[in-house]
Amino acid sequence: MSASMQPRTTSAYYVQAVLSFALSGAALATGIACLPVDPWMRAFLAVGLLYVVTSAFTLAKCVRDRQESAEVVNRVDQARLERLLAEHDPFKVDGV
């Protein structure tokens, strides 16, 4: 059978991604807060920032779910192929 699934990312990569996301979000939020504009413009930009962040999370989840479902289908197909190969006898003659 095939080997078990191994994580493809290291914990350092995960920490770097989280910190990068947090830093970019904080920098943008600070930039919006310090803009010399009316409060309603600042609120509009803040709502836009929240919308972009939530849609990015949704997109990442959809991509992950699609990849995981493809992996499950591939593993089922691989198991069927391995079973067929294990049951196949090249020296068996039909009808004799």
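**Salt bridges, an aromatic pair and an extended fold**

Asp 65 pairs with Arg 64 in a salt bridge whose closest N and O atoms are 3.2 Å apart. The model in which this contact appears is a predicted one. Both partners sit at an intermediate level of exposure: Asp 65 is partly exposed at 30% relative accessibility, and Arg 64 is likewise partly exposed, at 41%.

Arg 64 also has a second partner. Glu 68 forms a salt bridge with Arg 64, and here the closest N and O atoms are 4.0 Å apart. These two residues lie 4 residues apart in helix α2, which means that about one helical turn separates Glu 68 from Arg 64. Glu 68 is partly exposed as well, with a relative accessible area of 42%. Lys 61 joins the picture too, as Lys 61, Arg 64, Asp 65 and Glu 68 are linked in a network of salt bridges. For the bench reader, a general point may help here: side chains of opposite charge can pair when their charged atoms come close.

Further along helix α2, Glu 87 and Arg 83 form another salt bridge, with 3.8 Å between the closest N and O atoms. Glu 87 and Arg 83 are again 4 residues apart in helix α2, so about one helical turn lies between them. Glu 87 counts as exposed, at 55% relative accessibility. The count for the structure comes to 4 salt bridges.

Turning to the overall fold, the protein has 2 helices and 0 strands. Its radius of gyration is 25 Å, well over the 12 Å that the globule rule gives for 96 residues, so the protein is more spread out than a compact globule. The outline of the chain can be seen in the box filled by the C-alpha atoms, roughly 90 × 25 × 10 Å along the principal axes. Buried residues account for 3% of the 96 residues. The accessible surface comes to about 8600 Å², and carbon and sulfur atoms contribute 68% of that area.

The aromatic residues offer a link between the helices. The count comes to 1 aromatic pair. This pair consists of Phe 21 and Phe 57, arranged edge-to-face, with 5.3 Å centre to centre and 70° between the planes. Phe 21 belongs to helix α1 and Phe 57 to helix α2 (residues 39–87), so the pair ties together parts that are 36 residues apart in sequence. Phe 21 is partly exposed, with a relative accessible area of 41%, whereas Phe 57 counts as exposed at 51%.

Helix α1 (residues 11–34) also holds Val 18, a residue that is partly exposed with a relative accessible area of 40%. Together with Tyr 14, Val 15 and Leu 19, Val 18 makes a nonpolar surface patch of about 400 Å².

Finally, the cysteines deserve a short look. A search of the whole structure finds 0 disulfides. Cys 34 counts as exposed, with 59% relative accessibility, while Cys 62 is partly exposed, with a relative accessible area of 48%.

How values were computed:
Residues are numbered from 1 along each chain as its sequence is written. This is a predicted model: local features need pLDDT of at least 70, side-chain atom pairs count only at pLDDT 80 or more; totals for chains, interfaces and linings use all residues. Side-chain values use heavy atoms; hydrogens and water are left out. Patches are made of residues with over 30% relative accessible area and no salt bridge: like charges are joined within 9 Å, nonpolar side chains (Val, Leu, Ile, Met, Phe, Trp, Tyr) within 5 Å. Accessible areas come from the Shrake-Rupley method with a 1.4 Å probe; for residues, only the protein chains shown count as cover. A salt bridge is a side-chain nitrogen of Lys or Arg within 4 Å of a carboxyl oxygen of Asp or Glu. Buried means under 20% relative accessible area, exposed over 50%, partly exposed in between (1.4 Å probe, protein chains only). A disulfide is a pair of cysteine sulfur atoms within 2.5 Å. Rings of Phe, Tyr and Trp (its six-membered ring) pair if their centres lie within 6.5 Å; planes under 30 degrees apart count as stacked, over 60 as edge-to-face and the rest as tilted. The radius of gyration is taken over C-alpha atoms; the globule rule is 2.2 Å times the number of residues to the power 0.38.
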